[in-house]
Amino acid sequence: MKEFILAQDELDKLCVLIPNEAIVLLSGDLASGKTSLVKAIAKQKGVKQDINSPTFSIMQSYEAKECKIYHYDIYQNGIKAILQNGLFENFFEKALHLVEWGDEILQQRLKLFDLHSIVIKIDFFNDKRKYEFYE
């Protein structure tokens, strides 16, 4: 586990650790900074378009310089939303998958298919955020 205490303008220090092909599960309370981190990762990877949380559409994809990015938000229904919408198959694609509200249930389902995930837990820390990075 690696731990970072960062302000929003310091997120590049964490973004450089994210590979172009990975499943990254982001957890944290409401307004903890999950979408802000996704935006920073996408920017660091070369995405030019605006990134918004796909709360109602569940998933959006973006083309980056060296990879494709899938951005999921499963706040509403958890893994059920991914399964009902046929999105689980996406995780087998070589891409960067960023999952807001990724939890242990999703992590366990991924393990059933030998799909490894990186977990980033985000907590409030004064006027910054604490990021716990688990590979």
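# Rings, salt bridges and cysteines

Author: Let us start with two rings. In this predicted model, F88 and F91 are both buried.

Reader: Why is F88 called buried?

Author: The relative accessibility of F88 is 6%. Buried means under 20%. So F88 counts as buried.

Reader: How many aromatic pairs are there in the whole structure?

Author: A search finds seven. One of them joins F88 and F91.

Reader: What makes F88 and F91 a pair, and what kind of pair is it?

Author: Their ring centres are 5.5 Å apart. The limit for a pair is within 6.5 Å. The planes meet at 75°, and an angle over 60 degrees counts as edge-to-face. Therefore F88 and F91 form an edge-to-face pair.

Reader: And what is the pair of F88 and F113 called?

Author: It is tilted. The centres are 5.4 Å apart, with the planes at 55°. Stacked needs under 30 degrees and edge-to-face over 60, so this angle falls among the rest.

Reader: Why does this pair tie together separate parts?

Author: Look at where the two rings sit. F88 is in the loop between α3 and β5, while F113 is in the loop between α4 and β6. They are 25 residues apart in sequence, so the pair ties those parts together.

Reader: Is F113 buried, exposed or partly exposed?

Author: Partly exposed, because its relative accessibility is 42%. That value lies between the 20% and 50% cut-offs.

Reader: Which residues form the aromatic cluster?

Author: Y70, Y72, F88, F91, F92 and F113 form one cluster.

Reader: Which residues make the nonpolar patch on the surface?

Author: F92, L112 and F113. Together they have about 350 Å² of accessible area.

Reader: Why is L112 called exposed?

Author: Its relative accessibility is 68%. Exposed means over 50%, so L112 counts as exposed. L112 lies in helix α4.

Reader: What sits over the ring of W101?

Author: The charged end of K34, 3.9 Å from the ring centre. The distance limit is within 6 Å.

Reader: How many salt bridges does the structure hold?

Author: Three. One of them pairs E135 with K2.

Reader: What makes E135 and K2 a salt bridge?

Author: Their closest N and O atoms are 3.5 Å apart. The cut-off is within 4 Å, so the pair qualifies. E135 lies in the segment after β7 and K2 in strand β1, so parts 133 residues apart in sequence are tied together.

Reader: How do you know that E10 and K128 form one too?

Author: Here the closest N and O atoms are 3.8 Å apart. That also meets the 4 Å limit. This pair links distant parts of the chain: E10 in the loop between β1 and α1, K128 in strand β7. E10 is partly exposed, with 23% relative accessible area. K128 counts as partly exposed at 28%.

Reader: Which residue does K130 meet in a salt bridge?

Author: E132, at 3.5 Å from N to O. E132 has 13% relative accessible area, so it is buried.

Reader: How many disulfides are there?

Author: Zero.

Reader: Why is C15 not in a disulfide?

Author: The closest cysteine sulfur to that of C15 is in C67, 12 Å away. A disulfide needs the sulfurs within 2.5 Å. So the distance is too far for a bond, and C67 is in no disulfide either.

Reader: Are C15 and C67 buried or exposed?

Author: C15 is buried, with a relative accessible area of 0%. C67 is buried at 9%. Both values fall under the 20% cut-off.

Key: Residues numbered from 1 in each chain as written. Predicted model: local features only at pLDDT ≥ 70, side-chain atom pairs only at ≥ 80, totals over all residues. Heavy atoms only, no water. Patch = residues over 30% accessible without salt bridge, like charges linked within 9 Å, V, L, I, M, F, W, Y side chains within 5 Å. Areas by Shrake-Rupley, 256 points an atom, 1.4 Å probe, with all protein chains shown as cover. Salt bridge = Lys/Arg side-chain N within 4 Å of Asp/Glu carboxyl O. Helix = DSSP H or I, 4+ residues; strand = E, 2+ residues; numbered from the N terminus. Buried < 20%, exposed > 50% of the residue type's maximum accessible area, 1.4 Å probe, protein only. Phe/Tyr/Trp six-rings, centres within 6.5 Å; stacked < 30°, edge-to-face > 60°. Lys NZ or Arg CZ within 6 Å of the ring centre and 35° of its normal.
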